[in-house]
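Let's take a walk through a protein together, one stop at a time. Have the picture ready and turn it as you read.

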Amino acid sequence: MSPVRRPAITARVTDAAAFGRVAVLMGGTTSERDVSLDSGRNVLAALKSRGVDAHPVDGIPALVEALKPKRFDRVFNILHGGEGENGVLQGLLEALGVAYTGSGVLGSALTLDKIRTKQVWQTLGLPTPRYVRLLPGENVEQAAHEIGLPVIVKPSLEGSSVGISRVFRASDLPQALALARRYPGELLMEQLIEGGEFTVGILGDEALPSIQIVPAGEYYDYHAKYIADDTQYLCPGLTGAAEEELRALASSAFRAAGCAGWGRVDLMRDTQSRNFLLEVNTAPGMTSHSLVPKAAQALGIGFEELVWRILESSCERGRPC
Ligand SMILES: Nc1ncnc2c1ncn2[C@@H]1O[C@H](COP(=O)(O)OP(=O)(O)O)[C@@H](O)[C@H]1O
Ligand SMILES: [Mg+2]
């Protein structure tokens with residue numbers, strides 16, 4: 001059994017019964033619980049409206065209980081954050097032989113770790129901002145000097161922009177480090193890319209139209225993501241060859257990281273039109289203001305159809321629908 005899952009090679013699914021009984025896994029215990037419950041409710045409603053025998057399950061322990069008596073045939077994973085996106089859930093489901101949506105063990109585990117994802121991209125010549133892995137005792141002033149100010153300091157394993165600071169003066173480094181250190185795992189210091197921010201949704205083999213994110217504040221921080229309603233989303237984010245190039249880069253980065261099924265790649269584009277990969281999200285939001293649904297809509301793929309196609313990503317060789 002390969003940890004890198006491949007999308008289905010079978011034809012599209014037309015009969016909802018072919019999916020069997022589906023658990024929509026949501027909630028969990030991370031800081032992203034509420035967003036996940038919101039996403040999960042939307043996914044559940046969409047599946048039911050298309051005739052799928054779908055049921056909500058809150059968190060991994062409840063799923064394990066339900067899987068013992070084999071109450072489900074497959075899992076739609078919409079558990080955001082480490083719990084749902086770090087490969088552990090995927091390993092559990094592989095071991096139990098239960099089909100699931102999205103990336104497998106390798107792609108999930110790798111992309112939850114920003115440092116190691118960048119190492120893979122770098123090895124393959126895919127562009128990502130210069131960075132230094134901040135080990136305990138690291139001379140941070142020296143690191144900032146190597147990269148060149150301004151820099152961004154972030155925890156390697158977090159999401160939702162938590163623990164992230166932009167640093168323009170060396171005197172602000174200690175504060176940025178103190179904030180990032182509140183979170184578990186390693187830290188990284190990255191070259192701050194000044195320019196535009198983009199995200200590209202991936203659905204099956206296709207990169208969806210890009211979205212340019214234009215926060216009203218300084219950058220796409222926690223507030224801009226979940227609280228402010230003045231963040232602008234432009235879709236498609238670019239036109240012509242530039243848009244094609246951005247989508248192709250996102251697709252390559254996604255596959256290079258061993259990801260499959262669906263997800264979202266975050267990027268920056270500097271003032272000289274050079275693209276830089278930031279990170280991959282393997283179970284991105286599906287709320288009313290989430291970005292993958294916006295991008296799918298730009299192709300005429302409505303929310304219900306999007307959810308159906310994501311569920312199709314659980315139909316694989318050896319586990320057909
Ligand atoms: N190297 C960078 N240059 C400029 N902005 C960045 C950089 N890295 C992160 N950011 C900003 O911080 C936000 C969150 O960073 P990201 O790496 O996507 O982590 P996460 O979304 O998992 O918290 C990005 O959406 C972007 O606004
Ligand atoms: Mg991000």
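In which loop does proline 236 lie? Look between strand 12 (232-234) and helix 10 (240-256): proline 236 sits in the loop that joins them. Before you look closer, keep in mind that this is a predicted model. The peptide bond that leads from cysteine 235 into proline 236 is cis, with omega near -5°. There is another cis bond to find, from leucine 149 to proline 150, and here omega is near 0°. Proline 150 belongs to the loop between helix 7 and strand 6.

Now step back and take in the whole protein. You can trace 12 helices and 14 strands in it. Along its principal axes, the C-alpha trace spans about 60 × 45 × 35 Å. For 321 residues, a compact globule would have a radius of gyration near 20 Å, and the protein's value of 19 Å agrees with that. Of these 321 residues, 54% count as buried. Contacts tell you about the fold too: among those with a separation of 6 or more, 69% are between residues 24 or more positions apart. On the outside, the protein exposes about 13,900 Å², and carbon and sulfur atoms supply 52% of this area. As for charge, there are 32 positive and 37 negative side chains, and the centres of the two sets lie 4 Å apart.

Next, find the magnesium ion, which is ligand 2. Which protein residues are its donors? They are Asp266, through OD, and Glu279, through OE, at 1.9 to 2.2 Å from the ion. Aspartate 266 is part of strand 13 (residues 262-270) and glutamate 279 is part of strand 14 (residues 275-281), so the pair ties together parts that are 13 residues apart in sequence. Is aspartate 266 buried or exposed? With 6% relative accessibility, aspartate 266 counts as buried, because the cut-off for buried is under 20%. Glutamate 279 counts as buried as well, at 14%.

From glutamate 279 you can move to lysine 114, since these two residues are in contact. Lysine 114 is found in helix 6, and at 9% relative accessibility it counts as buried. Leaving aside neighbours within four places in sequence, lysine 114 also touches Lys154, Pro155, Ser156, Glu158 and Leu188.

Aspartate 113 is in the loop between helix 5 (105-112) and helix 6 (114-123). Aspartate 113 counts as buried, at 12% relative accessibility. Not counting residues up to four places away in sequence, aspartate 113 touches Ser156 and Leu157. Follow that second contact to leucine 157, in the loop between strand 6 (151-155) and strand 7 (165-167). Leucine 157 is partly exposed, with a relative accessible area of 34%. Besides Asp113, leucine 157 touches Leu112, Pro184 and Gly185, again not counting residues up to four places away. Leucine 157 and leucine 188 are 31 residues apart along the chain, and their C-alpha atoms are separated by 10.0 Å.

Glutamate 141, in helix 7 (residues 140-147), gives you another pair to look at. Glutamate 141 and leucine 173 are 32 residues apart along the chain, with 7.6 Å between their C-alpha atoms. Residues up to four places away aside, glutamate 141 touches Ala170 and Leu173.

Where does valine 200 lie? You will find valine 200 in strand 9 (residues 195-203), and at 0% relative accessibility it counts as buried. Its contacts, leaving aside neighbours within four places in sequence, include Ala207, Leu246, Ala250, Val265 and Leu267. Cysteine 315 is 115 residues from valine 200 in sequence, and the two C-alpha atoms are 23 Å apart.

Finish your walk at two backbone angles. Lysine 70 has a positive phi, near 55°, in a residue other than glycine. Its place is the loop between helix 2 (60-67) and strand 3 (74-77), and at 69% relative accessibility lysine 70 counts as exposed. Serine 273 also has a positive phi, about 65°, although it is not a glycine. Serine 273 lies in the loop between strand 13 and strand 14, and at 41% it counts as partly exposed. Those two strands should be familiar, because they hold aspartate 266 and glutamate 279.

How values were computed: Residues numbered from 1 in each chain as written. Chains lettered and ligands numbered in written order. Predicted model: local features only at pLDDT ≥ 70, side-chain atom pairs only at ≥ 80, totals over all residues. Heavy atoms only, no water. Helix = DSSP H or I, 4+ residues; strand = E, 2+ residues; numbered from the N terminus. Rg over C-alpha atoms; globule rule 2.2 N^0.38 Å. Buried < 20%, exposed > 50% of the residue type's maximum accessible area, 1.4 Å probe, protein only. Contact = heavy atoms within 4.5 Å. Areas by Shrake-Rupley, 256 points an atom, 1.4 Å probe, with all protein chains shown as cover. Lys, Arg positive; Asp, Glu negative; His and termini not counted. Charge placed at Lys NZ, Arg CZ, Asp CG, Glu CD. Donors = N, O, S within 2.8 Å, 3.2 Å for Na, K, Ca; no water.
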